[in-house]
Amino acid sequence: MNSSKVEVRELIAWELDEYPYRDSAVVLRQEEFAKQVERAHQRLAERECHAGCTALLAKENENIDHLLVACRRRSDLLAEYEGLDWTLGVVDLRRLLAFQRRLVLNSRRHTLHTPRQDNWPELVSLTVGLQRGTEHHFLRNWSATGDLDISLHSSNPDLQLRLSPNAGRGGHLPLTLYGGSPFFEVTELRGRWFLRDGYHRAYRLLQAGVHRIPAVVIYARTLEEVGATRPWFFSEEQLFSDRPPRVMDFLDENLVLRYERTALRKVIRIRVQDSLQPFDETDVVQGEVI
C-alpha cells in the first residue's frame, strides 16, 4: 500500500450512500461492481432475521467486577458520560450491531497488542484504560492583513479544541486539546445493542478470536445518544430492519468492498485578530463568560 493511502472496508449489503472516495477509488468495472453488490445482497438474504438478545455477559461481568469497581469511580469516565445512563460491563462483540458503514485501516499506524481472551487485566486496559493521543504539527502564518493564522495538523480525525475545565480560573488558558474518547463504548436502544465507539479495536479483536470484552455500556434514550445520526452512517430504518449490519460483518469478505483512498488528516485553524473598541459600561458583551 502506498504510504499516502489507506484501506477502506465498506459494508455493501445495505443501501449505499454517496461517497466520492468510493467512486474514484474502486477499480472494478461498473458491471463487476454491481455483481459484487448483488452477491452481498444475496448473502444477507440468506441470513436469519435478527434475534433480540442482550450483549451483556452476566457471568463474565461478575467474574471481573473487582477489576471494574475502581474504573467506575474514575473522574474522566464520570466527566465523559455525565448526563447519560451508563455502567461498565462485559459484552459479546458478536452480538453488536454496526452503524458505521466503513472502516479505514492505516498500515503505517502502530497496531496495538491484542490480549488473549482470558487476560482480563489487559483487556480492561485496552478498552477503558487508554488515553488517545493529541499529537499534531503546529504551523503559523501571517495573513496579508497582519493577522496571525494558526493551524494544527493531526492524523487523529477526532482531535478537537475544547474549553479547559479550569478556563477562567487562575490565569489558565481557556482551550485544551482533546484526542477523542479512548473508551470502548456499547449502547442499547429499543432492545438492540450497538457498538458506539471502538470499531478498529473491535475489528482487530475479532480477527484474533477475542469476542468477550469489557466496555462502557450506555442505555440510550434516543438515537442521538447512540451516536448514529451522521449522514454517512446507516439509517435508522436499516439499523432496526430484520437483518441489520453487524460488527462481525466487517470480517465477511462477501459483505465487504475493499479499496484504497487517499489518507486524510485533521486540520484545525484559528485566526488571531486584534482590535481596539470604545469602552462603554452600558455595552452588553455578547457571548458566555468563562
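In the predicted model, Phe-184 lies in the loop that links β8 (175-178) to β9 (185-189). With a relative accessibility of 0%, Phe-184 counts as buried, because the limit for that class is under 20%. Once residues up to four places away in sequence are set aside, Phe-184 touches Leu-93, Thr-127, Leu-195, Asp-197, Gly-198, Arg-201, Ala-202, Ile-213, Pro-214, Ala-215 and Val-216. The last of these partners, Val-216, is 32 residues from Phe-184 in sequence, yet the C-alpha atoms of Phe-184 and Val-216 are 6.1 Å apart in space.

The chain that surrounds this loop comprises 9 helices and 13 strands. Of its 290 residues, 41% count as buried. Among the contacts in the protein chain with a separation of 6 or more, 77% are accounted for by residues 24 or more positions apart.

Two of the partners of Phe-184, Arg-201 and Ala-202, recur among the buried residues of α7, which are Tyr-199, Arg-201, Ala-202, Tyr-203, Leu-205 and Leu-206. These buried residues of α7 pack against β1 (5-11), β3 (97-98), β4 (102-105), α6, β10 and β11. Arg-204, which is also placed in helix α7, is partly exposed, its relative accessible area being 31%. Although Arg-204 and Thr-114 are separated by 90 residues in sequence, their C-alpha atoms are 7.5 Å apart in space. After α7 comes Gly-209, whose phi is positive, near 80°.

His-211 is found in the loop between α7 (199-207) and β11 (212-219), and a relative accessible area of 19% places His-211 in the buried class, for which the limit is under 20%. Leaving aside neighbours within four places in sequence, the contacts of His-211 are with Val-91, Asp-92, Leu-93, Arg-94, Gln-117 and Leu-206. Leu-93 is thus listed as a partner both of His-211 and of Phe-184, while Leu-206 is one of the buried residues of α7.

A further loop, between β9 and β10 (192-197), holds Arg-190. Arg-190 has a positive phi of about 55° although it is not a glycine. In contrast to the buried Phe-184, Arg-190 counts as exposed, with a relative accessibility of 51% against a limit of over 50% for that class.

Helix α6, against which buried residues of α7 pack, also takes part in a helix pair. Helix α4 (residues 65-72) packs with helix α6 (residues 120-128) at an angle of about 30°, and their axes are 10 Å apart. Since angles under 35 degrees count as roughly parallel, α4 is assigned a roughly parallel arrangement relative to α6. The crossing in which α4 passes α6 is right-handed. At this junction, α4 contributes Leu-67, Leu-68 and Cys-71, which meet Trp-120, Pro-121, Val-124 and Val-128 of α6.

Helix α2 was examined with regard to its length and its buried face. For the 16 residues of helix α2 (residues 30-45), a rise of 1.5 Å a residue gives an expected span of 22 Å, and the separation of 23 Å between the end C-alpha atoms agrees with this value. The buried residues in α2 are Phe-33, Gln-36, Val-37, Ala-40 and Leu-44. Seen down the axis of α2, these buried residues fall within an arc of 95°, so they line one face of the helix. Such a pattern may be read against the general geometry of an α-helix, which has 3.6 residues a turn, so that residues three or four places apart point the same way. On the other side of α2, Glu-31, Lys-35 and Ala-45 are exposed. The cover over the buried residues of α2 includes α1 (20-25) and β12 (256-262).

A last loop, between β5 (137-142) and β6 (148-154), contains Ser-143. Ser-143 counts as buried, at 16% relative accessibility. Apart from residues up to four places away in sequence, Ser-143 touches Asp-149 and Arg-271. Of these two partners, Arg-271 is 128 residues from Ser-143 in sequence, and the C-alpha atoms of Ser-143 and Arg-271 are 9.1 Å apart in space.

Note on methods. Residues numbered from 1 in each chain as written. Predicted model: local features only at pLDDT ≥ 70, side-chain atom pairs only at ≥ 80, totals over all residues. Heavy atoms only, no water. Helix = DSSP H or I, 4+ residues; strand = E, 2+ residues; numbered from the N terminus. Expected span 1.5 Å × (residues − 1). Buried < 20%, exposed > 50% of the residue type's maximum accessible area, 1.4 Å probe, protein only. Arc of directions from axis to C-beta. Contact = heavy atoms within 4.5 Å. Axes fitted to C-alpha atoms, helices over the stretch in contact; angles between N-to-C directions. Parallel < 35°, antiparallel > 145°, perpendicular 65-115°, else oblique. Left-handed = near helix turned anticlockwise from the far one by under 90°.
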